[in-house]
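Subject: Structure handover

Hello,

Here is the structure we talked about. Please look it over before reading my notes underneath.

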Amino acid sequence: MDLPFGTQTPELDVLIVGGGLSGLTSALKILAMESTLKVRLIEASDGLGGQMGQNGIRLVDGAQQDMLALLTLVHLSPRRRRSINGRLRRCWDLDRGLTALPAKFELGRYIEMLDLRMPKFRSKRFNLRERVSNMEQHICHHLFFSKSRNFMLSLVELVCGVPASEVDYDVFMSICSSCGGLKMLIDFYFTYPSSFYEISTEMLIESILEQLQFITITLNCRAVRLDHYKNYVQVTDDQGNRHTAQAAILAIPWNKVQKLEFVPPIPTAYQPRTPSKSGQRRRQLISQFRLRYGKSVWTDLGYSGNFLSAQPLLVSGHECRLSSFCGYVLHAPEDQDEVLQDVVDLLAEHFGEEMRQPLECQCHTDELNAAQHKPQTKPWHRVIWSSSSAVGTSYRSLMGGAVQSGFRAAVNAVFVVRPQVVSWKDMLVERPKLAQDVVASGRIRGLLSRLNLYNVTFYSFFVLGLIWLLNLGYARAF
Ligand SMILES: Cc1cc2nc3c(=O)[nH]c(=O)nc-3n(C[C@H](O)[C@H](O)[C@H](O)COP(=O)(O)OP(=O)(O)OC[C@H]3O[C@@H](n4cnc5c(N)ncnc54)[C@H](O)[C@@H]3O)c2cc1C
């Protein structure tokens with residue numbers, strides 16, 4: 001497509017839209033590569049951090065090399081998660097009731113089955129087939145108990161940002177394979193083990209900001225329109241201000257990119273392919289909360305603080321600091337006003353009435369990032385995509401992915417504005433995952449893992465029916 005020439009002289013070298021982890025990483029990397037560049041970052045909300053939150057704890061494993069590199073860059077040393085309550089029992093609805101054992105058993109088998117099949121969906125081979133079942137159908141065909149179904153449906157929604165009915169099996173598997181596997185994702189989102197590194201998001205943002213003193217950061221400034229000219233990009237925000245730059249990094253997920261008006265429209269070649277059914281989708285919000293108490297109420301009751309309730313809402317939480325409980329809730333937009341009250345009610349039901357009186361309580365709500373599309377790494381002239389949901393090679397949908405896409409976007413932007421400072425080493429930032437990361441799988445293990453209550457029952461009836469028919473035929477013959 002031939003872009004028109006603009007008549008203005010751009011005021012900035014690079015404009016970054018979005019102050020989440022990928023936007024902040026891009027800013028940091030651009031300055032590290034060329035400190036004389038004029039960079040501005042605009043953020044729609046009143047704080048930085050995006051999905052990472054501003055006052056919680058996040059976990060990363062040792063394989064998230066890019067994330068660990070970022071910590072070194074901002075002089076933070078990774079610390080293993082401190083879990084003094086490691087031996088105490090967890091408070092999960094999956095562990096309760098008569099069906100707990102079989103439900104956990106079938107869930108374990110299902111997760112193992114998906115993990116064994118995952119190497120086929122490596123991000124390099126990200127191929128969307130035309131006719132595959134969506135994740136809701138897949139889950140309902142393989143899992144019998146509502147507990148295990150709810151767990152998986154919630155997990156898919158959390159990872160992909162849209163309900164399981166809108167996510168193709170191939171897409172979910174590809175995303176999981178670029179995150180180190182399904183078990184890894186479950187650890188990140190639900191189990192919080194002490195083998196991971198623990199990162200205080202507050203400290204991380206502070207340390208990044210210390211190094212971004214020469215960058216203008218504008219909060220409460222939402223980009224609404226992007227005019228793309230041959231010689232520069234112009235972004236208009238919701239207050240009507242115009243930001244002109246030689247290159248723009250859109251450090252926002254694709255579902256938020258789609259809300260911007262593009263002039264001229266984005267050509268299809270630069271749009272990530274999404275599954276066919278993604279028409280009008282139900283908006284889903286995520287609220288991240290932190291509650292501080294005088295003491296760890298849950299410990300006195302013999303619980304570790306790890307909490308999960310998949311019904312009626314999805315609430316997952318853990319003890320983040322002594323006597324502090326943090327977590328998140330997936331909910332519909334209409335429930336936003338009552339969400340914190342609902343969480344406190346639910347915690348009070350499980351841990352006692354003391355949970356109703358937190359000394360401090362914080363809650364931050366945002367739309368979930370949707371990652372139900374092909375990775376998106378190829379810039380459109382002066383417009384560069386970035387976001388943990390756009391990365392294609394490692395730790396997609398996680399902090400490692402956000403950092404990796406932020407680094408890559410920074411290199412692309414510097415390449416547009418100052419190509420002479422970009423070295424070939426910089427161009428290699430997006431690496432494929434190493435082959436040994438992939439779980440080795442045996443054929444028999446793979447076959448056995450496919451057995452579930454449905455097909456075992458079906459095959460048993462089939463074999464019994466066949467025996468009965470043979471018996472009948474035999475009796476008639478003689
Ligand atoms: C509940 C939960 C728990 C998680 N736990 C972990 C974990 O333990 N470990 C881990 O590695 N990862 C974890 N992750 C994933 C990780 O937090 C995210 O992948 C990462 O923070 C995403 O960063 P991002 O910059 O790509 O996107 P975002 O954080 O979404 O940043 C996008 C930013 O852009 C802003 N924005 C959007 N539209 C506009 C606009 N039009 N104009 C201006 N600004 C705009 C948004 O306000 C936002 O601040 C978790 C995610 C969730 C939801």
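Below is what was found, from the overall fold down to the ligand shell.

Please keep in mind that this is a predicted model.

Overall fold. The protein is built from 14 helices and 17 strands. Its radius of gyration is 24 Å, close to the 23 Å expected from the globule rule for 478 residues, so the protein is as compact as a globular protein of that length. Along the principal axes, the C-alpha atoms fill a box of roughly 95 × 60 × 40 Å. Of the 478 residues, 43% are buried. Counting contacts between residues at least 6 apart in sequence, 78% link residues at least 24 apart.

Core. The largest nonpolar core holds 120 residues, and Val14, Val17, Ala248 and Ala413 are the ones that touch the most other members. Helix α12 (residues 399-417) supplies the largest share of this core, with 11 residues. Leaving aside residues up to four places away in sequence, Ala413 touches Val14, Ile30, Ala247, Ile249 and Ile384.

Ligand. There are 35 residues around the ligand, and those that come nearest are Gly18, Gly20, Gly50, Ser388 and Met399. Two or more residues of the shell come from each of α1 (21-33), β3 (57-60), α7 (182-191) and α12. Helix α12 therefore turns up twice in these notes, as the source of the largest share of the core and as a contributor to the ligand shell. By type, the shell has 18 nonpolar, 13 polar and four charged residues.

Regards

Conventions. Residues numbered from 1 in each chain as written. Predicted model: local features only at pLDDT ≥ 70, side-chain atom pairs only at ≥ 80, totals over all residues. Helix = DSSP H or I, 4+ residues; strand = E, 2+ residues; numbered from the N terminus. Rg over C-alpha atoms; globule rule 2.2 N^0.38 Å. Buried ≥ 20, exposed ≤ 12 C-beta atoms within 10 Å, placed from the backbone. Contact = placed C-beta atoms within 7 Å. Core = buried A, V, L, I, M, F, W, Y, C linked by C-beta atoms within 7 Å. Near = placed C-beta within 6 Å. Nonpolar A, V, L, I, M, F, W, Y, C, P; charged D, E, K, R; others polar.
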